[in-house]
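Student: I should like a close look at one part of this structure, the packing of one helix against another. Please place that part in the setting of the whole model.

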Amino acid sequence: MRVSFNWLKEFVETDRSPTELAERLTMAGMEVESVEAIESDGAPDWALDVAVPPNRGDCLSVIGLAREIAAITGAKTRRELPKGGRKTARARSSVQVEIVEPALCPRYSALIVRDLSVEPPPAWMRRRLETSGIRSINNIVDVTNLVMLETGQPLHAFDWDTLTAKRIVVRTARARQPFTTLDGVTRELEGEDLLICDGERPIALAGVMGGSETEVSERTRHVLLESAHFDPLSVRRTAKRLGLHSEASYRFERFVDPEGTVRALERAAALLSEVAGGKAEPGVADCRPGRRPPQVITLRDSRLESLAGAKIEREKTERLLRALGLKIVGRSKGALKLIAPSYRNDLTREADLIEEVIRLAGYGEIPAELPLARHQAKRDRRLEWERQVRSLLLGKGLTQAVNLVFTSATMNRKFPGLWRGTPAPVAVLNPLSQEHAELRLSLLAPLAANLRAHVDQRAAGVSLFEIGKSFSRRCDEKPEERLCLSGLCYGEKLIRGLRRAEPPWSFLDVKGVVEEILELLRLEQEITWSEDQIDSFLHPGKAASLVRGGRKLGLVGEIHPEMAEDLQLPRFFVFELDFEAMLEYARRDFTVHSLPRFPAVERDVALVVKDTFRADQIVQWVRANRQPLIEDVRVFDEYRGAQVGEGMKSLAYKISYRADNRTLTDAEVNEVHQRLVQSLIENFAVRVRQ
Amino acid sequence: MKESLEGLGEEVRGRIRSARSEAELQQIRVEYLGRKGRLTLLLRGLRDVPPGDRPQLGERLNRLRQDIEEQIELELKRQKEREKERILREERIDITLPGSRLERGHPHPIALVMDEIIDIFWGMGFEVARGPDVEDDYHNFEALNFPKDHPARDMQDTLFVSDGLLLRTHTSPVQIRVMETRQPPLQVIAPGAVYRHDDDVTHSPMFHQVEGFMVDRHISFAHLKGVLTHFLRQIFSADTGVRFRPSFFPFTEPSAEVDIQCVLCGGRGATGDDKPCRVCKASGWLEILGAGMIDPEVFRYVGYDPEAVSGFAFGMGVERIAMLKFGIQDIRLFFQNDMRFLRQFR
């Protein structure tokens, strides 16, 4: 709320400068966001922009803020408004008021002011409104707004002559009932909207906006002033659904003092007589079907001390709470009984009062103490693994990306992720843009977008990884979220130092990175590399699935050339792992083997095979049919060329032999090796390359 | 004879000195001391010398022989040294050339700051908890005491995925999820991504928060101040000024906004040239944390007795801390993943 400093000073005595006052307010929970020097009526003034918390509707007025300043600083309030008119309320009014929905409108007060002349407002009034960001209309409407700014009570003026029934009825609307508000827009109402009616005819959306037919105009001579208390939630629902937010609805949503309706009418009547020559009727129509009895709140000294963590003297507590307008209605040895003022609907519980005491005492008064912890914190395995994998990948030259989880429908179709069955993207109902319309099914969608940006910058090589969530909808239930670890490698590796021949990223490089992750998680034995279940966005001949027990846990591969073309990107490599599942299977505990007592002997063999032959077949076969003395087998070279002929390749394997009770002799090893080579020749129909 | 002996000595020494290689020195040794060497022959010739002169001449010859041996050995050693030095000299390289390496990848600044935050709280006994990014209205709002149709909901502009399901607007729902399933004492932090319908230089539709809370018997506002002051002085610097001021959050009461002294101007509100500080907008302070004592209503939602336990909760924006620590001015840089930006982090 923007408020004039000079106006505030009409209600509270303070010799603080505007910035000092702003600082003090900020430190007491009424944050002043800016102090701007302005000028009012030739005198220097300042506009304070106060961020009033949503639970403090009572501070959305000059008087409310002045009251708060007095409580915070201990200053005196300068003057009170004329008290609610006991005298006048007894006299009869020309208008009758009937409230059909007392829960939504606990109080409706109305006053008729006659013989007005509609004119431009005096300069001072116009300036006050404009300082607070309200446009001046005419003297009548301006008075209602000025009183709202001053007291916090929204008022509405109806042109009395446009009312035919002269009977105000407060009821809810019929479904789909049309109504034209004074901004000229006709809106369709719902059964929950509260209406002010002239007999049968709706004339205002309660607490939100008046109707155009009964609006004050140049021809207006008499007005009916409305000053009511509406249910905050009802006003909010209507204003929100219709997207119709006004100064009035803003205040009603945040609670307006039900005791202040008549006082505000009288203040308005006085101002109208001053600036528009009007005469108020002696009688105020004040219909009040719902009056809540004041609530007694108990505040225990012990509770205050234990929650604050510091002792606050009873005397001080009483002084602070009284300054806020609370009435002490009972004192006992360990507790106080209090009643909150009618404008503080946020004070209903002991905790609310404890907050007020600590707030006014000042948070700085409470010492800072470290608690003695009884809690025993558990290690977080996932975090530990994440950190280890992250540092592994950084060491491999991959840079960590963090992308927004939003992507477009198009990108989600291209990169369907690791979901089983048909992927069902989660759409955002109110997205920021079409580029952000859905949650990503795969981390590869944003990573490809990252590559796009770097290719545009002519980067020679890019290697990124991301650890993050992907999302998919599961038959209308809550979407499923899965932690993925994905990466993208393109072009040259980033080499520092003298130029050396370093080949660009290849499938085997990326597979190597993934193998290292599997090794770290001790999953290399459990996961098989398969050529099945290859996604269509991958090159069918340069991609693999990672499978564990029939379940696909990841993929590695080169992007399909057509997909690369489609994305207008050069070819690149990707991997995506179901990190969540992998961490479930990851093993941290293991035992080491004791060291072998006798040396191993190694023999190589090169086999000439068809080009389509899979190197791993032999490794698997040797392991499965393990002969005594064979310790391990691995493939270490692949060769294609003239020496082996068209359509063929040569694969070189290294086999290590070892006995655990003696050093093997050459003759012994040769014999076993020969037997092995012979069985390979027979089983796989291959020949040995000489 | 005497003269010729001296002449011989001079001659040998001269040749040793000018010898260029080990082979040459061996050659000299053979030439003078070998079986047919000149000195050997002279020694053999002692037989022909009158017996009276023999001892004296023999001694001189032997001394000369010994002298030559030593000279050769010495020169051999010198030459070996010189040879070693020569090899080392030849092997010398230009150490000012850059080291060869594959460039290491770069960690993301959000991960770096997140790690720091987690580790500081870990040190105070907090453990990590997580929750779903797609939340229901109950955990994101209702159980945190944001009633339906309450203006407090305006504080957070929400992205929805269906009626009743939304992208969490803060990490606070993890608080509810943990308390629903566990009993005090609890000390938990919940790091994660959060979402708002917002996009500009200082707001991103996705950003990261770390939520934390502690619940036990007799947890007080003083403890909240103690824990957060310690945290802020660890993550910024030991002499960082910290202040707590009242604020409003539906799920805490009392609520506090925690400020630190500006990291740029040190709390002066102005920079060296007396211009208003742009980081703190001349106020000298920066909002860094929201916190408060957990509202009794929240305890009721999770079935705790607010008379038996109390607790505090806090939340902070990771990007905000990263921006202050690294002097980053545009939040969108975090999510563009531009190598020129990321390369600066190690």
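Tutor: The account below begins with the helix pair, then turns to single residues and to the other chain.

The model is a predicted one, with an ipTM of 0.90 and a pTM of 0.89. The helix pair belongs to chain B, whose mean pLDDT is 91; in that chain, 99% of the residues reach 70 or more.

The pair consists of helix α5 of chain B, covering residues 109-123, and helix α10 of chain B, covering residues 318-326. Their axes come within 9 Å and cross at roughly 100 degrees. An angle from 65 to 115 degrees counts as roughly perpendicular, and α5(B) and α10(B) are therefore roughly perpendicular to each other.

On the α5(B) side, the contact involves B:P109, B:I110, B:V113, B:M114 and B:I117. These residues meet B:V318, B:E319, B:I321, B:A322, B:K325 and B:F326 of α10(B). Sorted by class, the contact of α5(B) with α10(B) comprises 9 nonpolar residues, 2 charged residues and no polar ones.

Elsewhere in chain B, helix α3, residues 38-44, contains B:R44. Around B:R44 there are 11 other C-beta atoms within 10 Å. A residue with 12 or fewer such neighbours counts as exposed, so B:R44 is exposed. The C-alpha atom of B:R44 is separated by 9.9 Å from that of B:G58, and the two residues are 14 residues apart along the chain.

Chain A supplies a further exposed residue, A:E477, which lies in the loop between β22 (461-472) and β23 (480-491) of that chain. The residue A:E477 is classed as exposed because it has 8 other C-beta atoms within 10 Å. Between A:E477 and A:E315, which are 162 residues apart along the chain, the C-alpha separation is 57 Å.

As to the overall form of chain A, its C-alpha trace spans about 125 × 60 × 50 Å along its principal axes. The radius of gyration of chain A is 40 Å, whereas a compact globule of 690 residues would have one near 26 Å. Chain A contains 20 helices and 32 strands. Of its 690 residues, 41% are buried. Among the contacts in chain A with a separation of 6 or more, 68% are accounted for by residues 24 or more positions apart.

To return to the part requested, α5(B) and α10(B) cross at roughly 100 degrees, and their contact has 9 nonpolar residues.

How values were computed: Residues are numbered from 1 along each chain as its sequence is written. Chains are lettered from A and ligands numbered from 1 in the order in which they are written. This is a predicted model: local features need pLDDT of at least 70, side-chain atom pairs count only at pLDDT 80 or more; totals for chains, interfaces and linings use all residues. Axes are lines fitted to C-alpha atoms, for helices over the stretch in contact, and angles run from 0 to 180 degrees between N-to-C directions. Helices (H or I, at least four residues) and strands (E, at least two) are DSSP runs, numbered from the N terminus. Angles under 35 degrees count as roughly parallel, over 145 as roughly antiparallel, 65 to 115 as roughly perpendicular and the rest as oblique. Two residues are in contact if their C-beta atoms, placed from the backbone, lie within 7 Å. Ala, Val, Leu, Ile, Met, Phe, Trp, Tyr, Cys and Pro count as nonpolar, Asp, Glu, Lys and Arg as charged, and the others, Gly among them, as polar. A residue is buried if 20 or more other C-beta atoms lie within 10 Å of its own, exposed if 12 or fewer, and partly exposed in between; C-beta atoms are placed from the backbone. The radius of gyration is taken over C-alpha atoms; the globule rule is 2.2 Å times the number of residues to the power 0.38. pLDDT is the predictor's confidence in each residue, from 0 to 100.
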